[in-house]
Every structure is written in structure tokens, then in C-alpha cells.
Amino acid sequence: MIVPNEILRAARSALGISQAELAKLSGVGERTILRVEQNERVAVRTLHRIQAALEDRGLEFIASEPGHGPGLRIPLALIKRDDLRF
């Protein structure tokens, strides 16, 4: 599955990491992360590298289903807020 750029941006934000940190984790340039987050075109292999780096941090990407777009699942262990109710 190719994860949309908007979901990759949301994933980075959910982890609370900087563009520079994601660039280091994924092995791509910081300018490339910026290009992805500005919805510019990059190579598919670059998107896969970024996705893999985010998945290595525990995030799960969810494919589209009929009537629903793609999504992101964040493990509870990564959520640092103590005021959430489930």
C-alpha cells in the first residue's frame, strides 16, 4: 500500500518527531520530508522508506475500505496524554 502524503505527515506529528529526525530514521534528506509533507511528488521507493521508518516506531497504516479512506493506528503506549478516555 502506498500511504498518502497527508497520512505520512499525520504519522510524524503523532509521534512528535521533527522532520529532521524522520529524515535520519528513514535515510532520506530533510528537504525530501518537507517535499512529501507539502504534497510534492517523490519516488515511490522514498515513500516506502519513510513509511517503514514510521512503522518501525510502532505505527500501523490502514488501507482504504469501501466508504472509508486510509488511516493510521497509533499504539496506546505511544500516546503520552493522561487525560484520554477509552
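A polar contact is a pair of N or O atoms within 3.5 Å, where one must be able to donate a hydrogen and the other to accept it. In this predicted model, Ser 26 offers a neat example: a polar atom of the Ser 26 side chain sits 2.8 Å from the backbone oxygen of Leu 22.

So where does Ser 26 sit? It belongs to helix 2, and its relative accessible area is 7%. Because buried means under 20%, Ser 26 counts as buried. Leaving aside residues up to four places away in sequence, Ser 26 touches Ile 33, Arg 49, Ile 50 and Ala 53.

Ser 26 has company on helix 2, where the buried residues are Leu 22, Ala 23 and Ser 26. They cover an arc of only 105° around the axis, so they end up on the same side of helix 2. An α-helix has 3.6 residues a turn, so residues three or four places apart point the same way. As for what lies over these buried residues, the cover includes helix 1, helix 3 and helix 4. Just past the end of helix 2, Gly 27 takes a positive phi of about 75°.

Now for the bigger picture. The largest nonpolar core has 18 residues, and those touching the most other members are Leu 8, Leu 22, Ile 33, Val 36, Ile 50, Leu 54 and Phe 61. Two or more residues of this core come from each of helix 1 (5–15), helix 2 (19–26), helix 3 (30–37) and helix 4 (44–56). Take Ile 33: with residues up to four places away in sequence left out, Ile 33 touches Gln 19, Leu 22, Ala 23, Ser 26, Val 28 and Ile 50.

Definitions and conventions:
Residues are numbered from 1 along each chain as its sequence is written. This is a predicted model: local features need pLDDT of at least 70, side-chain atom pairs count only at pLDDT 80 or more; totals for chains, interfaces and linings use all residues. Side-chain values use heavy atoms; hydrogens and water are left out. A nonpolar core is a set of buried Ala, Val, Leu, Ile, Met, Phe, Trp, Tyr and Cys residues joined through side-chain atoms within 4.5 Å. Buried means under 20% relative accessible area, exposed over 50%, partly exposed in between (1.4 Å probe, protein chains only). Helices (H or I, at least four residues) and strands (E, at least two) are DSSP runs, numbered from the N terminus. Contact means heavy atoms within 4.5 Å. The arc is that of the directions from the helix axis to the C-beta atoms.
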